[in-house]
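Work through the exercises below with the model open. Try each task before you read its solution.

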Amino acid sequence: MSKLPNVGTTIFTVMSALAAQHKAINLSQGFPDFDCSEILKQLVNEAMEQGHNQYAPMPGIMPLREAIAEKISNLYGQNVNPDTEITITPGGTYAIFTAIATCISAGDEVIIFEPAYDSYIPNVLVNGGVPVLIPLSYPDYHIDWQLVRSRITPRTKMIMLNTPHNPTGSILTEADIQELEKLVTEFNILILSDEVYEHLVYDGAKHLSILRYPALFRNSFVTFSFGKVFHITGWKMGYCVAPAHLMQEYRKVHQYLCFSVNTPMQYGITGFLKTPEHYLSLPAFFQQKRDHFLQLMADSRFTPLQSCGSYFQLMRYDRISDEGDKDFTIRITKEFGVASIPVSAFYQEGKDDHVVRFCFAKRTETLEKAVERLRKI
Ligand SMILES: Cc1ncc(COP(=O)(O)O)c(C=O)c1O
């Protein structure tokens, strides 16, 4: 018996294992190789010392929810009620799963754009839903809204968005938001917006959070990850924001899935959020990494695609080889000692545009060493 017969080990685990086996530099999985802030560690330690070591309240500690509401109000101009509209979760992936489990019943259709973060499709399937897969348009990976409209049926329950986008680094534009508003109003579809890279937007662009748009927020679950933005992926801390009528249902699922999230980390992050510079400095910090990586790669035989956000940079390799992208990434890991991710792994049917994903959320010396090897290909 299997509810997910086609699911095997994820490509991230496979590539990280291969990287370890061949002592390769790992630019595959999306996590930083530098440590988090000392201030943040100290705040968590203080919380433990002060005895904040028992269960937190089910929706999360109130001071953290209040700090998040304040950040949302400052950045996105939306007044969110911390009591009824924010729930702290053990990471972004959990926040996404819980939103799907809350709303999706057998036969409900969920629109998912491909390439897609790997948890989305299994999350829908395990809840009895039907993923409706729509390709983003290569090479800038924009949404073809005509195509979306043509795939809507009376069973369409939800549309999943991810901005900034993993693996492509594309971001939603105002034009996308307008199209989305038309569809959601016309067909009354729920939105699940995965915004784990909210602060990682480059070249002066604005993160168009769904939270900015009251008409959209009314129908939405918006999910975030502290792990991704504060270099603490191993802590698995995140949150979900939704209007009270949806959050009420979300919490019914959450309270029997994990009930509550670890307490000292919640206090630590609350203290950290009191200094807005801790998140306002992130776009410049990561853009410097992206730009440095691109500059180093300029005289390699890879061709960069545009990365507007996230911590990923896609590269075409058609000047190097016509191998399939999986074979190519495995070969360069073994022969040149740099691990990346084949973008075909983010498509159910393995669509292969001969593009690979590099994670640039790494120390300068890691990027420099990796590029020294990539230039030899
Ligand atoms: C698009 C996207 N959503 C969600 C997550 C998961 O976040 P977390 O580690 O907080 O579960 C990731 C992590 O890779 C991601 O890339």
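**Exercise 1.** Find which side chains hold an N or O atom that pairs with an oxygen atom of the ligand.

*Solution.* Start at Ser 225. An N or O atom in its side chain is 2.7 Å from an oxygen atom of the ligand. This is a predicted model, so treat the distance as computed. Next, go to Lys 236. A polar atom of its side chain also lies 2.7 Å from a ligand oxygen atom. A polar contact is a pair of N or O atoms within 3.5 Å, so both pairs pass.

**Exercise 2.** State which side chain has a polar atom 2.6 Å from a nitrogen atom of the ligand.

*Solution.* Look at Asp 194. One of its polar side-chain atoms is 2.6 Å from that nitrogen atom. Now take the cover: on its own, the ligand has 400 Å² of accessible area, and the protein covers 93% of this.

**Exercise 3.** Describe the shell around the ligand and where the ligand sits.

*Solution.* Count first. The ligand is surrounded by 13 residues. Gly 92, Thr 93, Asp 194, Tyr 197 and Lys 228 are the closest. Then sort the shell by class: 4 residues are nonpolar, 6 polar and 3 charged. Last, place the ligand: it occupies the second largest pocket.

**Exercise 4.** Characterise the largest pocket and its lining.

*Solution.* Begin with the volume, about 640 Å³. The lining has 26 residues, and those closest to the centre are Asn 6, Val 7, Asp 118, Ala 345 and Gln 348. By class, the lining has 16 nonpolar, 7 polar and 3 charged residues. Finish with the elements. At least two lining residues come from each of α1 (11-21), α5 (120-126) and β4 (130-135). The most come from α5, which gives 4 residues.

Definitions and conventions
Residues are numbered from 1 along each chain as its sequence is written. This is a predicted model: local features need pLDDT of at least 70, side-chain atom pairs count only at pLDDT 80 or more; totals for chains, interfaces and linings use all residues. Side-chain values use heavy atoms; hydrogens and water are left out. A residue is near a molecule or strand if one of its heavy atoms lies within 4 Å of it. A polar contact is a pair of N or O atoms within 3.5 Å; within protein, one must be able to donate a hydrogen and the other to accept it, and residues adjacent in sequence count only if both atoms are side-chain atoms. Accessible areas come from the Shrake-Rupley method with a 1.4 Å probe; for residues, only the protein chains shown count as cover. On a 1 Å grid over the protein atoms alone, a cavity is a set of points where a 1.4 Å probe fits but cannot get out, and a pocket is an open set with protein on both sides within 12 Å along at least five of seven lines; lining residues have an atom within 4 Å of a point. A molecule sits in a cavity or pocket if more than half of its atoms lie within 2 Å of its grid points. Ala, Val, Leu, Ile, Met, Phe, Trp, Tyr, Cys and Pro count as nonpolar, Asp, Glu, Lys and Arg as charged, and the others, Gly among them, as polar. Grid points are joined across faces, edges and corners, and a volume is the space filled by probe spheres set on the points.
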